Amino acid sequence: MTPIRLPIALAALSALSACGSGDAVGGGRLNAPVRSFATGPVHTACLRADRVAASNDLCGCVQASANTVLNRSEQARAVAFFRDPHLAQVTRQSDRAGDERFWLRYKQFVEIAERTCT
């Protein structure tokens with residue numbers, strides 16, 4: 001996984017979510033799935049990352065995804081990736097057992113966010 005995968009995924013997810021189903025009624029979509037929403041450190045970092053695709057709804061969904069997999073300290077570590085994407089690459093390539101455990105959980109979080117935040 002590249003260090004910029006999450007921001008790219010966020011951009012793709014935002015573009016997909018803006019497409020709509022064509023079943024508009026009063027400006028909304030019929031049978032639109034309800035996404036989870038949460039606030040927290042990942043939500044804030046996502047909004048502050050200054051990416052075009054970042055929105056309150058998308059970043060809230062990403063935070064909710066983080067809440068399902070990452071504990072508080074892991075979320076703080078993931079927030080650092082928004083500020084320094086190279087840090088994600090360093091973590092991914094690390095041979096330290098703790099980094100490897102964290103990376104597996106981080107990948108799981110990204111997969112959930114990609115799947116649910118569309």
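## Helix α5 and its neighbours

In this predicted model, the buried residues of helix α5 pack against two other helices, α4 (72-83) and α6. Helix α5 itself covers residues 85-93, and its buried members are A88, Q89 and T91. Looking down the axis of α5, these buried residues stay within an arc of 165 degrees, so they line one face of the helix. Turn to the other side of α5 and you will find H86 and Q93, which are exposed.

There is a simple rule behind such patterns. An α-helix has 3.6 residues a turn, so residues three or four places apart point the same way.

F81 is a good place to see some of these contacts one by one. Leaving out its neighbours within four places in sequence, F81 is in contact with L87, A88 and T91, and also with F102, W103 and Y106. Of these partners, A88 and T91 are among the buried residues of α5.

## The nonpolar core

Where do the nonpolar side chains gather? The largest nonpolar core holds 24 residues. Those with the most contacts inside this core are V42, L70, F81, F82, Y106, F109 and C117. Helices α2, α3, α4 and α6 each supply at least two of the core residues. Which helix gives the most to this core? That is α6, with seven residues.

## Helix α2 and the loop after it

Helix α2 runs over residues 41-48, and V42, H43, A45 and C46 are buried in it. These four cover an arc of only 170 degrees around the axis, which puts them on the same side of α2. V42 appears again in the nonpolar core, as one of the residues with the most contacts inside it.

Just after α2 comes D50, with a positive phi of about 60 degrees. That is a positive value in a residue other than glycine. D50 sits in the loop between α2 and α3. Is D50 buried or exposed? Its relative accessible area is 72%, over the 50% cut-off, so D50 counts as exposed.

## Two disulfides

How many disulfides does the chain have? The count comes to two. If you number the bonded cysteines in sequence order, they pair as 1-2, 3-4.

One disulfide is formed by C46 and C59, with their sulfur atoms 2.0 Å apart. C46 lies in helix α2 and C59 in helix α3 (residues 56-69), so this pair ties together parts that are 13 residues apart in sequence. The link of C46 and C59 is left-handed, with -65 degrees about the S-S bond. Both ends are tucked away: C46 is buried at a relative accessible area of 2%, and C59 is buried at 0%.

The other disulfide joins C61 to C117, with an S to S distance of 2.1 Å. This pair links distant parts of the chain, since C61 is in helix α3 and C117 is in the segment after α6 (97-116), 56 residues apart. The link of C61 and C117 is left-handed as well, with -90 degrees about the S-S bond. C61 and C117 are both buried.

## Two buried residues to look up

S65 has its place in helix α3. With a relative accessible area of 3%, S65 is buried. Not counting residues up to four places away in sequence, S65 touches F109, I112, A113, T116 and C117. Take the pair of S65 and A113: they are 48 residues apart in sequence, yet their C-alpha atoms are 5.4 Å apart in space.

E74 belongs to helix α4. Its relative accessible area is 12%, under the 20% cut-off, so E74 counts as buried. Which residues does E74 touch, not counting those up to four places away in sequence? They are V69, F102 and R105.

## How far to trust the model

The chain averages a pLDDT of 81, and 72% of the residues score at least 70. Over residues 11-27, however, the pLDDT is below 50. Beyond near neighbours in sequence, that stretch has 16 contacts in the model. A word of care applies here: where pLDDT is low, the predicted coordinates should not be read in detail.

Conventions
Residues are numbered from 1 along each chain as its sequence is written. This is a predicted model: local features need pLDDT of at least 70, side-chain atom pairs count only at pLDDT 80 or more; totals for chains, interfaces and linings use all residues. Side-chain values use heavy atoms; hydrogens and water are left out. pLDDT is the predictor's confidence in each residue, from 0 to 100. Contact means heavy atoms within 4.5 Å. A disulfide is a pair of cysteine sulfur atoms within 2.5 Å. Buried means under 20% relative accessible area, exposed over 50%, partly exposed in between (1.4 Å probe, protein chains only). The arc is that of the directions from the helix axis to the C-beta atoms. A nonpolar core is a set of buried Ala, Val, Leu, Ile, Met, Phe, Trp, Tyr and Cys residues joined through side-chain atoms within 4.5 Å.
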